[in-house]
Amino acid sequence: MKNIYPVFHKYRWSIAKIYFYVFLAQLFWLCEPYLLGRAIDTSLQGDYRFFGVLLGAFLMESILIYKRMLFDTKVYIQVYNEIILDYLHRDRDSDSSTKIARTDLAHGLVHFVEHELHYFILSVMTIIGSLYFISMTSPLAALIVFICLFPTSYIVYRFYPKVKQATRVGNTHYEQKIDVLQSQEWTSIETFFKRRKKILVSESTIQGRHWAALHSTKSLFLIAAVVIFTSQKSGLTHGQAVSMYTYISQCLVSLLSIPHAVEVYTRIKDVLSRLKET
């Protein structure tokens with residue numbers, strides 16, 4: 001990590017600019033369910049002005065995302081190139097197959113900052129923002145949604161060792177790919193891809209069980225929160241119902257970023273251990 005950190009530090013202000021765009025766009029996105037609810041309620045009374053406000057929020061979010069997408073790719077390509085050149089300069093002992101695999105795997109580091117870190121930040125903002133809007137209308141529903149954090153974390157804890165092992169085995173096997181192909185021995189090549197198939201199927205099975213448990217938990221708490229909200233709220237308007245359902249659903253879906261974060265952490269940790277400090 002000591003050889004990778006200076007590269008990101010060099011581009012820290014460019015990366016900060018990217019995340020500033022991400023932050024502002026997410027703020028507009030968080031307000032949209034509330035504005036939609038108000039627009040529905042006021043339109044039923046013949047007033048359509050809130051649809052103009054909602055459209056403005058959509059446009060501002062789109063502009064900010066567009067500006068971020070124009071800027072971030074060129075920054076992250078520069079970061080990736082510097083990381084790889086530094087690694088190749090330090091690693092003089094590994095064979096070609098291992099080097100090629102590790103330069104491919106190292107792209108996951110930049111992909112994490114460019115895509116997945118965005119997702120995690122947005123998820124945290126969504127959880128906090130959605131809980132705020134929910135609690136303003138139904139504190140008990142907000143509490144139910146928050147409690148979902150605990151069974152979600154427990155499921156992730158139970159599956160983490162299997163995810164870690166599958167990641168390590170898969171990456172180790174991938175490093176052998178070039179050597180096997182260059183050997184031009186059909187038996188070795190066929191054995192490699194049969195083994196690759198088993199590894200990928202095993203990873204998919206683990207992920208399938210993991211996500212099935214998580215989505216079942218999410219659905220249960222979604223129903224519970226909606227039932228509590230509707231039973232407590234008399235004189236519920238159409239707009240309020242739409243807004244509250246959206247915020248509850250957004251918050252629970254964002255909690256699923258926890259297992260994804262664990263998977264990403266496992267991948268990044270394994271890749272960093274392979275980009276050895278030489």
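1. V145 is found in helix α5. The model under discussion is a predicted one, and V145 is a convenient place from which to read it. With a relative accessible area of 1%, V145 is buried. Setting aside residues within four places in sequence, its contacts are L131, I134, A225, I248, C251, L252 and L255. The C-alpha atoms of V145 and A25, which stand 120 residues apart along the chain, are separated by 24 Å.

2. The next point concerns the nonpolar core. The largest nonpolar core holds 19 residues, and L131, I134, V145, I248 and L252 are those that touch the most other members. At least two residues of this core come from each of α4 (96-137), α5 (139-147), α8 (186-232) and α9 (238-255). The greatest contribution is that of α9, with six residues. A second core, separate from this one, has 16 residues and includes V7, Y11, F71 and Y76. As a general matter, nonpolar side chains tend to be buried together in soluble globular proteins.

3. L252 deserves its own entry. When neighbours within four places in sequence are left aside, L252 is in contact with V145, C148, K218, F221 and L222. L252 is also one of the α9 residues that make the contact between α8 and α9.

4. How do α8 and α9 lie relative to each other, parallel or antiparallel? Their axes come within 10 Å and cross at roughly 150°. Because angles over 145 degrees count as roughly antiparallel, α8 is roughly antiparallel to α9. The crossing of α8 past α9 is right-handed. On the α8 side the contact is made by K218, F221, L222, A225, V226 and F229, and on the α9 side by Q240, M244, Y245, I248, S249, L252 and V253. Of these residues, A225 and I248 are also in contact with V145.

5. Helix α8 has a further partner in α6. The axes of α6 (residues 149-174) and α8 come within 10 Å and cross at roughly 165°. The two helices are therefore roughly antiparallel to each other. Here the crossing, that of α6 past α8, is left-handed, whereas α8 passes α9 in a right-handed crossing.

6. Helix α9 also packs with α2. The axes of α2 (residues 12-43) and α9 come within 6 Å and cross at roughly 160°. This angle makes α2 roughly antiparallel to α9. The crossing of α2 past α9 is right-handed. From α2, the contact is made by W29, L30, C31, P33, Y34, L36, G37, I40 and D41; from α9, by H238, G239, Q240, V242, S243, T246, Y247 and Q250. Q240 of α9 appears here and also in the contact with α8.

7. The cysteines call for a separate remark. How many disulfides does the model contain? The count comes to zero disulfides. C31 is in no disulfide, and the nearest cysteine sulfur, that of C251, is 16 Å away. For C251 itself, the closest cysteine sulfur is in C148, at 8.5 Å, which is too far for a bond because a disulfide requires sulfur atoms within 2.5 Å. The surroundings of C31 and C251 can be set side by side: C31 is partly exposed, with a relative accessible area of 35%, whereas C251 counts as buried at 1% relative accessibility. C31 contributes to the contact of α2 with α9, while C251 is in contact with V145.

8. Two serines are also worth checking. S138 is placed in the loop between α4 and α5. Its relative accessible area is 2%, so S138 is buried. Not counting residues up to four places away in sequence, S138 touches F229, Q232 and M244. F229 and M244 also belong to the contact between α8 and α9.

9. S254 is found in helix α9. This serine is buried as well, with a relative accessible area of 8%. Apart from residues up to four places away in sequence, S254 touches S123, T126 and I127. The C-alpha atoms of S254 and S123 are separated by 4.9 Å, although these residues are 131 residues apart along the chain.

Terms used
Residues numbered from 1 in each chain as written. Predicted model: local features only at pLDDT ≥ 70, side-chain atom pairs only at ≥ 80, totals over all residues. Heavy atoms only, no water. Buried < 20%, exposed > 50% of the residue type's maximum accessible area, 1.4 Å probe, protein only. Core = buried A, V, L, I, M, F, W, Y, C linked by side-chain atoms within 4.5 Å. Helix = DSSP H or I, 4+ residues; strand = E, 2+ residues; numbered from the N terminus. Contact = heavy atoms within 4.5 Å. Axes fitted to C-alpha atoms, helices over the stretch in contact; angles between N-to-C directions. Parallel < 35°, antiparallel > 145°, perpendicular 65-115°, else oblique. Left-handed = near helix turned anticlockwise from the far one by under 90°.
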